[in-house]
Amino acid sequence: MPHPALESASFSPEAQALVHELLDNKQSHLFDDWDPPGECEPEKRAFLEQLLQVDANYPGGLANYLANARRLLTQSREGKNPFEGYRPEQPDAVDLSAMDESYDQMESLGRDHFDRVGIVLVAGGLGERLGHDGIKLDLPVEAILNTTYLAHYAKCLLAMEARMARARPVPFVIMVSEDTHAPTLRALEEHGYYGLRKDQVHILKQELVPALKDNDARLAKEGPYELILKPHGHGDVHMLLQSSGLAARLRAEGIEHLVFIQDTNGQVFNALPAALGVSIEREYDFNSLAVNRVPGEAVGGLARLVKDDHEMTLNIEYNQLDPLLRATLNPDGDVPGPKGFSVFPGNINILVIRLASYIKVLEQSKGIIAEFVNPKYADEARSEFKKPARLETMMQDLPKLLGPEHKVGVTVFHRAWCFSPNKNNVEEAANKHAAGSPPESAATAESDFYLAGRMKAGRAGMDLREEAPQTILGVPFVNGPRLILSPAFAMTLAEVREKISGGRVSGPSTLILDGPDIRLQDVCLEAGAALRVHAAAGAKVTLRGKLSGPPGFALEKLSPEELAAPDTPSALKMRGYRFVDEGVKTLRFESPGEYEVELDTLYTPLPENS
Ligand code: UGB
């Protein structure tokens with residue numbers, strides 16, 4: 001007797017064929033609780049539509065997903081250590097954290113390569129840990145100009161283009177998910193693609209995968225007519241670059257490297273030119289950017305894993321690092337090494353991948369990169385799950401598919417220079433800070449954004465006198481000097497050195513420079529003064545002298561009432577403060593020409609007793 005799911009004539013032939021296939025794959029439970037034929041037909045058809053959709057979204061269809069799931073679930077049930085027999089060693093690494101002459105060389109090499117690079121932004125995740133219900137790309141990286149992450153990234157791409165010998169738009173691939181697709185498109189449309197060309201932006205959408213309810217890879221349902229679907233992880237970006245044909249198209253257009261970035265890391269473009277330079281100089285097929293890792297923090301460790309005559313350089317995700325270290329190098333596990341950090345560099349998920357090698361790997365793997373499954377078992381025998389699991393992939397796992405002919409390396413940067421994401425809400429950030437881990441919150445991301453500005457100007461000989469760190473809602477924040485050097489102003493340290501000579505900025509003063517041809521000669525800002533200079537292309541502006549007031553942007557902490565109020569914007573709540581403009585001095589130069597500005601003459605002292 002046919003299964004009830006096959007009895008209705010109103011199901012399409014494709015749906016009937018898929019039901020057959022699922023029955024052959026031990027999925028009859030999907031249909032066993034159906035109402036009798038003739039009843040709930042619309043719900044049944046919608047359910048079959050959902051199955052057809054997930055079948056179409058996965059390379060090789062649902063049958064392939066189930067086969068992969070059964071294999072991985074068996075390994076997981078048997079408790080197989082994926083790194084069994086491997087010993088972790090230091091990876092091949094270039095350490096640029098000192099930012100010395102070798103940094104400058106790599107940066108210059110990378111800058112000359114801007115016309116052969118595409119940027120891939122993975123932005124499918126929702127800010128659940130952040131307690132924010134919009135997309136993270138719409139959050140401001142700093143609260144003075146309120147530049148959002150997406151706007152900032154677009155400015156960086158435009159600045160890269162402006163530095164090419166023969167300008168061409170930098171391809172910008174954004175991976176979104178069902179959760180982030182519409183709001184990301186809306187942000188782009190509402191802001192005219194932030195000055196980018198619409199055809200340089202490529203949106204790829206990741207789909208959800210079906211959840212699995214047991215070790216036999218039986219698909220999980222909610223009621224009789226709805227599959228439970230879950231995210232498949234940021235590794236989907238590889239599958240989508242393959243299935244869309246985009247990776248191959250970009251290669252054909254002359255792109256040689258893709259740089260993969262995350263959604264809320266305002267520092268990434270500081271390090272990008274030098275990282276590119278390292279990839280070129282070392283001929284790395286795969287280059288992971290890294291920082292000194294605090295033991296126990298939620299970033300993976302990068303290691304070369306060696307077993308007999310096989311080795312691979314990989315990110316060991318934070319939950320797997322401790323057991324691996326206990327089983328090999330150190331019975332105490334993930335603890336500080338002699339320099340106070342984890343002995344393995346921390347993966348910050350900024351990847352520079354050589355497109356020629358990447359395309360070959362994608363062709364062989366269909367872009368399904370090292371899936372894994374991580375069920376939470378309800379019993380010691382590992383026979384039942386606490387809740388449905390699913391297959392996942394992580395973008396940094398690509399080296400699992402590389403062979404001995406590929407070169408995999410790591411480039412270590414100064415942490416605040418390359419990595420300060422906004423991932424945690426203020427309570428979680430305060431807890432992390434108290435536990436000695438990086439808080440990775442809106443306030444620390446903003447604080448480090450200004451710090452990167454100070455690092456740039458400091459390397460050009462500017463004297464920067466920092467405020468002492470203060471703690472706001474348990475999270476540390478350095479309130480200045482706040483330097484916002486736009487990507488148009490400088491994309492490399494060499495450029496900053498060319499444009500800034502000497503000078504001094506102290507305390508909570510603010511300096512904002514936006515324009516390709518602004519030069520500062522011994523400029524001093526003090527007493528909280530704020531100077532904002534905007535110069536359009538062709539406007540050559542030279543600034544000299546001192547501005548010592550009036551106070552510019554004052555930091556104001558939110559009151560407990562404001563923190564609790566539902567209408568306080570979440571971008572402020574996640575900081576615990578706002579900036580109030582009390583008198584920024586703004587200079588705008590919109591027309592081409594040469595301009596000289598003596599700052600001393602701009603300052604009109606306030607009348608006494610005011
Ligand atoms: N993302 C997607 O685009 N799709 C998804 O399905 C999931 C995420 P998380 P995670 O840098 O601190 C990673 O959630 O996964 C995007 C590394 O694995 O913020 O906890 C999402 O939008 C880890 O080794 O990070 O941990 C975001 O842009 C370490 O490097 C990005 O993927 C850690 O990041 C990361 O997602 C870190």
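Helices, of four residues or more, and strands, of two or more, are DSSP runs numbered from the N terminus. Helix α11, residues 318-327, is one such run, and Leu321 has its place there. The model described here is predicted.

**Leu321 and its surroundings**

Is Leu321 buried or exposed? Buried means under 20% relative accessible area. Leu321 counts as buried because its relative accessibility is 1%. Leaving aside residues up to four places away in sequence, Leu321 touches Arg293, Gly301, Ile316 and Asp334. Leu250 lies 71 residues from Leu321 along the chain, and the C-alpha atoms of the two are separated by 35 Å.

**The ligand**

The shell around the ligand holds 23 residues, and those that come nearest are Val122, Gly124, Gln206, Gln262 and Asp263. Sorted by class, this shell has 11 polar, 8 nonpolar and 4 charged residues. Which element gives the largest share of the shell? Strand β12, residues 346-354, does so with 3 residues.

Three contacts between N or O atoms of the protein and atoms of the ligand are set out below.

| Residue | Part of the residue | Ligand atom | Distance |
|---|---|---|---|
| Gln206 | side chain | nitrogen | 2.6 Å |
| Asn347 | backbone | oxygen | 2.8 Å |
| Gly233 | backbone | oxygen | 3.4 Å |

Gln206 thus appears both among the residues that come nearest to the ligand and in a contact made through its side chain. For Asn347, a polar backbone atom is involved, and for Gly233 a backbone N or O atom. On its own the ligand has 710 Å² of accessible area, and the protein covers 88% of that area.

**The nonpolar cores**

The largest nonpolar core has 81 residues. Which of its members touch the most other members? They are Ile119, Phe172, Phe269 and Phe413. Helix α6, residues 149-162, gives the most to this core, with 9 residues.

Phe269 can be followed further. Not counting residues up to four places away in sequence, Phe269 touches Ile119, Tyr153, Cys156, Leu157, Met160, Ile261 and Met491. One of these, Ile119, is also listed with Phe269 among the members that touch the most others. A second core, separate from the one above, has 35 residues, including Val19, Leu52, Tyr225 and Leu227.

**Two further buried residues**

Val361 lies in helix α12, residues 355-365. It counts as buried because its relative accessibility is 2%, and the cut-off for buried is under 20%. Residues up to four places away in sequence again left out, Val361 touches Leu398, Leu401, Leu402 and His406. How far apart are the C-alpha atoms of Val361 and Phe553? They are separated by 51 Å, and the two residues are 192 residues apart along the chain.

Ser279 belongs to helix α10, which covers residues 268-282. Its relative accessible area is 1%, so Ser279 is buried. Ser279 touches His257, Tyr284, Asn287 and Val352, with residues up to four places away in sequence not counted.

**Two partly exposed residues**

Partly exposed residues fall between the limits of 20% and 50% relative accessible area. Ser108, in helix α5 (residues 101-111), counts as partly exposed because its relative accessibility is 40%. Ser108 and Leu276 are 168 residues apart along the chain, while their C-alpha atoms are separated by 9.6 Å.

Asn146 has its place in the loop between β3 (117-122) and α6. With a relative accessible area of 44%, Asn146 is therefore partly exposed. Its phi is near 60 degrees, a positive value in a residue other than glycine.

**Backbone features**

Besides Asn146, Asp522 is not a glycine and has a positive phi, of about 50 degrees. Where is Asp522 placed? Asp522 is in strand β23, residues 518-525.

A cis peptide bond is found between Gly480 and Pro481, with omega about 0 degrees. Pro481 is in the loop between β18 (475-477) and β19 (482-485).

Notes: Residues are numbered from 1 along each chain as its sequence is written. This is a predicted model: local features need pLDDT of at least 70, side-chain atom pairs count only at pLDDT 80 or more; totals for chains, interfaces and linings use all residues. Side-chain values use heavy atoms; hydrogens and water are left out. A residue is near a molecule or strand if one of its heavy atoms lies within 4 Å of it. A polar contact is a pair of N or O atoms within 3.5 Å; within protein, one must be able to donate a hydrogen and the other to accept it, and residues adjacent in sequence count only if both atoms are side-chain atoms. Accessible areas come from the Shrake-Rupley method with a 1.4 Å probe; for residues, only the protein chains shown count as cover. Ala, Val, Leu, Ile, Met, Phe, Trp, Tyr, Cys and Pro count as nonpolar, Asp, Glu, Lys and Arg as charged, and the others, Gly among them, as polar. A nonpolar core is a set of buried Ala, Val, Leu, Ile, Met, Phe, Trp, Tyr and Cys residues joined through side-chain atoms within 4.5 Å. Buried means under 20% relative accessible area, exposed over 50%, partly exposed in between (1.4 Å probe, protein chains only). Contact means heavy atoms within 4.5 Å.
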